[in-house]
Amino acid sequence: MTEKLVLGLEKLGLDFSRQQVDQLEAYMAQVLEFNKGYNLMKAENADELAVNHVLDSLVAVPHLKELIEDLCEKNGKPVLEMADIGSGGGCPGIPLAIAFPNHNFTLVERMEKRCVFLNDVVKKLDLQNVKVECKAADLIKPDSFDLEVFRAFHPFDLKITKLLLRMVKKGGYIAAFKAREEKILAEMEEVKSLVKDYKKIKMTVPFLEDHHRNLVVIKK
């Protein structure tokens, strides 16, 4: 068991079941194995992977939970369609799908080798609520998702923001994992013609307390 993963979950106040922790560890084992040949994520060992990628994805869970509850109440439906855009090696999508097993997740990834890896993980972990769309994001149908997340996909610019807004349903949310505040302000200034209002939530990742982490939330 990865000690930093377990301690990190405690620090985040996430009371995961034994099955959820096992799924996270199985996912991490898959990443580390695949990394040997494909440099999927920057991580030398399990602790680095747990902190820099898995806990960095899960830090948003309390904030996403609020958005999910809001959408479920407004839409009058218990199951949402969520997406990780530019999923890469599966963060934040796979950790979040494990955290929210009652909602559907689509991992959108255009690179075939990464899609092979993602499909393998979904199968091995028996993630019934996850599917992989191996295509560029601009090929996704409009109004597909209630909530979109992304972590290392692209800075906000006019083209990307239009694409993200096109894919999300009216009343839905985009939640972007971002770093420094000054970069966020510069990006959002560039897209102010499309995004009139947004929320910036400061987050603290366990064992990365000195790093800048923010969640930028946009409502359509």
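In this predicted model, the side chains of Asp22 and Arg18 come together in a salt bridge, with N and O 2.7 Å apart. Why might two such side chains pair up? Side chains of opposite charge can do so when their charged atoms come close. Asp22 and Arg18 sit four residues apart in helix H2, which covers residues 18-38, so about one helical turn separates them. It helps to recall how a helix is built. An α-helix has 3.6 residues a turn, so residues three or four places apart point the same way. How buried or exposed are the two partners? Asp22 is partly exposed, because its relative accessibility is 39%, and Arg18 is partly exposed too, at 45%.

Now stay with helix H2 and look along it from end to end. H2 has 21 residues, which at 1.5 Å a residue should span 30 Å, and its end C-alpha atoms are indeed 30 Å apart. Which residues of H2 are buried? The list includes Val21, Leu24, Tyr27, Met28, Val31 and Phe34. The buried residues of this helix pack against helix H1 (3-11), H3, helix H5 (93-99) and helix H6 (112-124). Just after H2 ends, Asn39 takes a positive phi of about 45°.

Two of these neighbours deserve a closer look. Start with H6. The axes of H2 and H6 come within 11 Å and cross at roughly 155°. An angle over 145 degrees counts as roughly antiparallel, so that is how H2 lies relative to H6. The crossing of H2 with H6 is right-handed. On the H2 side, the contact is made by Tyr27, Gln30, Val31, Phe34 and Tyr38. Their counterparts on H6 are Lys113, Phe117, Asp120, Val121 and Lys124.

Next, turn to H3. The axes of H2 and H3 also come within 11 Å, but here they cross at roughly 125°. What does that angle tell you about how H2 and H3 are arranged? The two helices are oblique to each other. This crossing is right-handed. Leu24, Tyr27, Met28, Val31 and Leu32 of H2 make the contact with Ala46, Leu49, Ala50, Val54 and Leu58 of H3. If you compare the two lists, you will find Tyr27 and Val31 of H2 in the contact with H6 and again in the contact with H3.

Helix H3 leads us to another salt bridge. Arg151 pairs with Asp56, and their closest N and O atoms are 2.8 Å apart. Where in the chain do these partners come from? Arg151 is in the loop between strand E4 (145-150) and helix H7 (158-167), while Asp56 is in helix H3 (residues 46-58). The pair links distant parts of the chain, 95 residues apart. Both Arg151 and Asp56 are buried, whereas Asp22 of the H2 pair is partly exposed.

Arg151 also turns up beside His53, a residue that lies in helix H3. His53 counts as buried because its relative accessibility is 10%, and the cut-off for buried is under 20%. Setting aside neighbours within four places in sequence, His53 is in contact with Met41, Lys42, Ala43, Glu48, Cys91 and Arg151.

A further salt bridge joins the side chains of Glu181 and Lys200, at 3.4 Å from N to O. Glu181 belongs to helix H8 (residues 181-190) and Lys200 to strand E6 (residues 199-202), so this pair ties together parts that are 19 residues apart in sequence. Glu181 is partly exposed, with 40% relative accessibility, and Lys200 is partly exposed at 30%. Salt bridges can also share partners: Asp56, Arg151 and Arg213 are joined into one network in this way. How many salt bridges does a search of the whole structure find? It finds 15.

Let us finish in strand E4, where Val149 lies. Is Val149 buried or exposed? At 2% relative accessibility, Val149 counts as buried. Not counting residues up to four places away in sequence, Val149 touches Leu64, Ala83, Asp84, Ile85, Pro92, Leu96, Ala175 and Phe177. Val149 and Leu5, in turn, are 144 residues apart in sequence, and their C-alpha atoms are 22 Å apart in space.

Conventions
Residues are numbered from 1 along each chain as its sequence is written. This is a predicted model: local features need pLDDT of at least 70, side-chain atom pairs count only at pLDDT 80 or more; totals for chains, interfaces and linings use all residues. Side-chain values use heavy atoms; hydrogens and water are left out. A salt bridge is a side-chain nitrogen of Lys or Arg within 4 Å of a carboxyl oxygen of Asp or Glu. Buried means under 20% relative accessible area, exposed over 50%, partly exposed in between (1.4 Å probe, protein chains only). The expected span of a helix is 1.5 Å times one less than its number of residues. Contact means heavy atoms within 4.5 Å. Axes are lines fitted to C-alpha atoms, for helices over the stretch in contact, and angles run from 0 to 180 degrees between N-to-C directions. Angles under 35 degrees count as roughly parallel, over 145 as roughly antiparallel, 65 to 115 as roughly perpendicular and the rest as oblique. A crossing is left-handed if the near helix is turned anticlockwise from the far one by less than a right angle, and right-handed if clockwise.
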